[in-house]
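Me: I've just opened this one and could use a quick tour. Can you walk me through it?

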Amino acid sequence: MKKGYLLPILLTGVMTGACSQESADNPEIERLSYFSSQPSYQKYSVEEILRHSEDEELVKISGEIIQQIKDRIYLFRGETGDIKIVIEDGVMPEQGVMLKSPVQIRGEVDNPVDRAPRVEVDAIQYVF
């Protein structure tokens, strides 16, 4: 190994270790790192999703689940319209779906060319 290469390699290792130690000693850095890696859901109206959404866009909508259509498919009503939502078993609240209760939904738009957009639910939060 040529002279001059060892010092930068050693310094890189020392700096990496120092940064790792700083993060381990500072819970605020860990907390910020955790939240910055979380998906960012943007608040939309149902009308905006139906008219302008892109496939796989992360959305947050408020309203109520008004009807079960099929096994995992429900009708959601917001202030500007209705949209179908899909609730997988892993997302289903323990108490089940409470129809006509105020709720906030976070999910991903499923917007194929052959049917109307719907939201695949990532999280349900009832607002009481």
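Reply: Sure, we'll go from the overall layout to single residues. One thing up front: this is a predicted model.

Me: Okay, how confident is the prediction on average, in pLDDT?
Reply: The protein averages a pLDDT of 82, and 70% of the residues score at least 70. Over residues 5-23, though, the pLDDT is below 50. Beyond near neighbours in sequence, that stretch has five contacts in the model.

Me: Got it. How many helices and strands are there?
Reply: Three helices and six strands. Reading from the N terminus, the order is α-α-β-α-β-β-β-β-β.

Me: And what share of the residues is buried?
Reply: 26% of the 128 residues count as buried. As for the outside, the protein exposes about 9,100 Å², with carbon and sulfur atoms supplying 52% of that.

Me: What about contacts between residues far apart in sequence?
Reply: Take the contacts with a separation of 6 or more: residues 24 or more positions apart account for 50% of them.

Me: Let's go inside. Which residues touch the most other members of the largest nonpolar core?
Reply: That core has 17 residues, and the ones touching the most other members are I65, F76, I83, I85, I105 and V119. Helix 3 (46-52) gives two or more residues to the core, and so do strand 2 (58-68), strand 3 (73-78), strand 4 (81-86), strand 5 (102-110) and strand 6 (118-126).

Me: Which of them gives the most?
Reply: Strand 6, with four residues.

Me: Is there a general reason why nonpolar side chains end up together? What's the tendency?
Reply: In soluble globular proteins, nonpolar side chains tend to be buried together.

Me: Back to V119, then. What does it touch?
Reply: Leaving out residues up to four places away in sequence, V119 touches I49, V59, I61, I83, K84, I85, V86, I105, G107 and E108.

Me: Now V103. Where does it lie, and is it buried or exposed?
Reply: V103 lies in strand 5. Its relative accessibility is 2%, so V103 counts as buried.

Me: What's around it?
Reply: Setting aside neighbours within four places in sequence, V103 is in contact with I61, S62, G63, E64, I65, F76, I124, Q125, Y126 and V127. Look at V127 in particular: V103 and V127 are 24 residues apart in sequence, yet their C-alpha atoms are 5.3 Å apart in space.

Me: Q125 was on that list. Where's that one?
Reply: Q125 lies in strand 6. It is partly exposed, because its relative accessible area is 43%. Not counting residues up to four places away in sequence, Q125 touches P102, V103 and Q104. Q125 and P93 are 32 residues apart in sequence, with 8.7 Å between their C-alpha atoms.

Me: Switching topic: how many aromatic pairs are there?
Reply: The count comes to one. Y126 and F128 form that pair, and it is stacked: 6.1 Å centre to centre, with 25 degrees between the planes.

Me: Are those two buried or exposed?
Reply: One of each. Y126 has a relative accessibility of 12%, so Y126 counts as buried. F128 is at 78%, so F128 counts as exposed.

Me: What lies over the face of Y41?
Reply: R106 does, at 5.5 Å from the ring centre.

Me: Let's do some loops. Where is V97 found?
Reply: V97 is found in the loop between strand 4 and strand 5. Aside from neighbours within four places in sequence, V97 is in contact with I65, Y74, I87, M92 and Y126. The C-alpha atoms of V97 and Q68 are separated by 9.0 Å, and the two residues are 29 residues apart along the chain.

Me: Any backbone oddities? What's the phi of E56, say?
Reply: E56 has a positive phi of about 70 degrees although it is not a glycine. Its place is in the loop between helix 3 and strand 2. With 54% relative accessibility, E56 counts as exposed.

Me: And K100, where is its phi?
Reply: Near 60 degrees, a positive value in a residue other than glycine. K100 is in the loop between strand 4 and strand 5. It counts as exposed because its relative accessibility is 59%.

Technical notes. Residues numbered from 1 in each chain as written. Predicted model: local features only at pLDDT ≥ 70, side-chain atom pairs only at ≥ 80, totals over all residues. Heavy atoms only, no water. Core = buried A, V, L, I, M, F, W, Y, C linked by side-chain atoms within 4.5 Å. Buried < 20%, exposed > 50% of the residue type's maximum accessible area, 1.4 Å probe, protein only. Contact = heavy atoms within 4.5 Å. pLDDT = per-residue confidence, 0-100. Phe/Tyr/Trp six-rings, centres within 6.5 Å; stacked < 30°, edge-to-face > 60°. Lys NZ or Arg CZ within 6 Å of the ring centre and 35° of its normal. Areas by Shrake-Rupley, 256 points an atom, 1.4 Å probe, with all protein chains shown as cover.
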